[in-house]
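Subject: The structure we talked about

Hi there,

Here is the structure I promised to pass on to you. Please open it beside this email, so that you can find each residue as you read.

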Amino acid sequence: MPTPTPEPSPCPDIAPTTEGLPTSRVLPSYTGDVRPRQEWTADVPATFEEIEAELQNYRGQSLNVASWGGAYQAAQRQAYFLPFQEEFGIRIVEDSPIEFAEIGAMVETGNVTWDVVDLGVRSLYQRNLTGHLEELTPAIHGRYLPYFPSLAITPWGGGGGILWSTGLAYNIDSVDELWGGQKPQNWANFWDVERFPGKRSMGERVNENVFLAQMALCPEYLDNSAAKIAIAKLTEEQIDSSFAKLAEIEHTIPWWWTAGSDCPWGLLDREFDMCTAWNARIWNFQQEDGGGVLRYCYECGHLLQNDLFYIPKGSPNKTLAELFMAWTAKPEVNMQMAKYIPYGPINTQALPLIEERFPPDIASVLPTSPEALEKAVMIDEAWLGSNHKALTERMEALLAE
């Protein structure tokens, strides 16, 4: 009898690489005299010293910044807004939350009242916002943007952004009570209801699920830098295999969560034993009484997404807004966010400073710690935003079955 043709592997071989999180070209250092703004160029962009000197010329002015409220905006206030006001005498007027439609309405009517807004790259493409944003001036931003992960770089975004994580969380009491002392090690374990029985939950939105399914199909990809980059955006075949994998587990999930606090609350109340979660939400609950039973598993593999600053087109304070953004990207400034909320800095030059200057209880819980980065996949959010509508429709169809 002829030998049966084996089924194609969902995990094709990908050649190893020494490349980590990719970045664009790095400019040579500049050690000349402090230049006035008119002498900054795209080839020799402003230094942080020059940015700070220029900001002194704007004392007494104000800047309107819109963000998302809550603990995130409170962290931005402590890390950026208040120090900026104190150092340069420029008032930051805060607003929240951001409404995507409001950005478009402001721009289209010419009544732009937000000078700076906080957005993720996905939102730009999902919400068709790119035409409503100012392109950044390379002479102001060109010195720090080369140290951003390349998937976070667009013509419009910059400043003191953050990287945040979606990963696997579980209740450690389940380790002995249900799993015979075994701890989840990867996303294949999340799908393995025989070795890891109990209740699960995943977020209802598709954004992370299609990538987590790839991690479950191919856990070995997380040990290969090239493979992690290859699943930052998915081919049609990968999309199909992700939804097939999600269909395998769909019947075991009684509740697809919609709010970031659903996972930690559900774990504490034993509504489920493991779930997908955002890293800061788990950390927040770990600080409360009884929260020590929660575990966020960076080593299982996790997804990195970003938030950056942008300028609505027509802002009357565009230059000041750009200078503010550039100042917040300074490594010594960008790293301050981690003091107030466990998100990592977007400027990779800030990473070694955190390891050097922050205590281990801060540095070790960040999604950009050396240990966490070993198993991190940075989503190509431009791809996700551009394909979001079709992916969401498939996710809704799956949940409706």
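Below is what I found, going from one helix to a strand, then to the salt bridges, one serine and the disulfides. Please keep in mind that this is a predicted model.

**Helix α1 and its glutamates**

A good place to begin is glutamate 50, which sits in helix α1, residues 48–55. Is glutamate 50 buried or exposed? With a relative accessible area of 1%, glutamate 50 counts as buried, because the limit for that word is under 20%. Its side chain has partners there: one polar contact, at 2.8 Å, goes to the side chain of arginine 35. The side chain of glutamate 50 also reaches a backbone atom, the nitrogen of threonine 47, at 3.0 Å.

Helix α1 also holds glutamate 52, which forms a salt bridge with lysine 330 through their side chains (2.8 Å, N to O). Lysine 330 belongs to the loop between α13 (318–328) and α14 (331–334), so this pair ties helix α1 to a part of the chain 278 residues away in sequence. Both ends of the salt bridge are buried: lysine 330 has a relative accessible area of 19%, and glutamate 52 has one of 17%.

**Strand β3 and its neighbours**

Next, look at strand β3, residues 116–119. Which way do its side chains point? Val116 and Asp118 point one way, Val117 and Leu119 point the other way, and all of them are buried. This fits a general pattern: in a regular strand, side chains alternate between the two faces of the sheet.

Strand β3 pairs with two strands that you can pick out in the viewer. With strand β1 (residues 62–66), the pairing is parallel and has two bridges. Here valine 65 has valine 116 of β3 as its bridge partner. With strand β8 (residues 302–310), strand β3 runs antiparallel, and three bridges join the two. On this side, aspartate 118 is partnered by phenylalanine 309 in β8.

**More salt bridges**

How many salt bridges does the structure hold? The count is 13. You have met one of them above, and here are some others to look for.

Aspartate 223 and lysine 375 meet through their side chains in a salt bridge (2.4 Å, N to O). This pair links distant parts of the chain, 152 residues apart: aspartate 223 is in the loop between α8 (206–217) and α9 (225–230), while lysine 375 is in the loop between α18 (370–374) and β10 (376–378). Aspartate 223 is exposed, at 60% relative accessible area, whereas lysine 375 is buried, at 19%.

Glutamate 322 and lysine 318 make another salt bridge, at 2.6 Å from N to O. These two residues are four places apart in helix α13, so about one helical turn separates them. Glutamate 322 is buried, with a relative accessible area of 2%, and lysine 318 is partly exposed, at 22%.

There is also a network to look at: Glu177, Arg270 and Asp273 are linked by salt bridges.

**A serine in a loop**

Serine 369 lies in the loop between α17 (360–363) and α18. Its relative accessible area is 2%, so serine 369 is buried. Leaving out residues up to four places away in sequence, serine 369 touches Glu355, Ala363 and Ser364.

**The disulfides**

Finally, there are two disulfides to find. Cysteine 263 and cysteine 275 form a disulfide, with their sulfur atoms 1.9 Å apart. The torsion about this S-S bond is about 60 degrees, so the disulfide between cysteine 263 and cysteine 275 is right-handed. The pair is twelve residues apart and links helix α11 (residues 262–268), which holds cysteine 263, to strand β6 (residues 274–278), which holds cysteine 275. Both of these cysteines, 263 and 275, are buried.

A disulfide also joins cysteine 297 to cysteine 300, with an S to S distance of 2.0 Å. Here the torsion is about 75 degrees, so the disulfide between cysteine 297 and cysteine 300 is right-handed. Cysteine 297 and cysteine 300 are both buried.

Enjoy exploring it!

Best wishes

Definitions and conventions: Residues are numbered from 1 along each chain as its sequence is written. This is a predicted model: local features need pLDDT of at least 70, side-chain atom pairs count only at pLDDT 80 or more; totals for chains, interfaces and linings use all residues. Side-chain values use heavy atoms; hydrogens and water are left out. Buried means under 20% relative accessible area, exposed over 50%, partly exposed in between (1.4 Å probe, protein chains only). A polar contact is a pair of N or O atoms within 3.5 Å; within protein, one must be able to donate a hydrogen and the other to accept it, and residues adjacent in sequence count only if both atoms are side-chain atoms. Two strands pair if DSSP finds at least two bridges between them. A salt bridge is a side-chain nitrogen of Lys or Arg within 4 Å of a carboxyl oxygen of Asp or Glu. Contact means heavy atoms within 4.5 Å. A disulfide is a pair of cysteine sulfur atoms within 2.5 Å.
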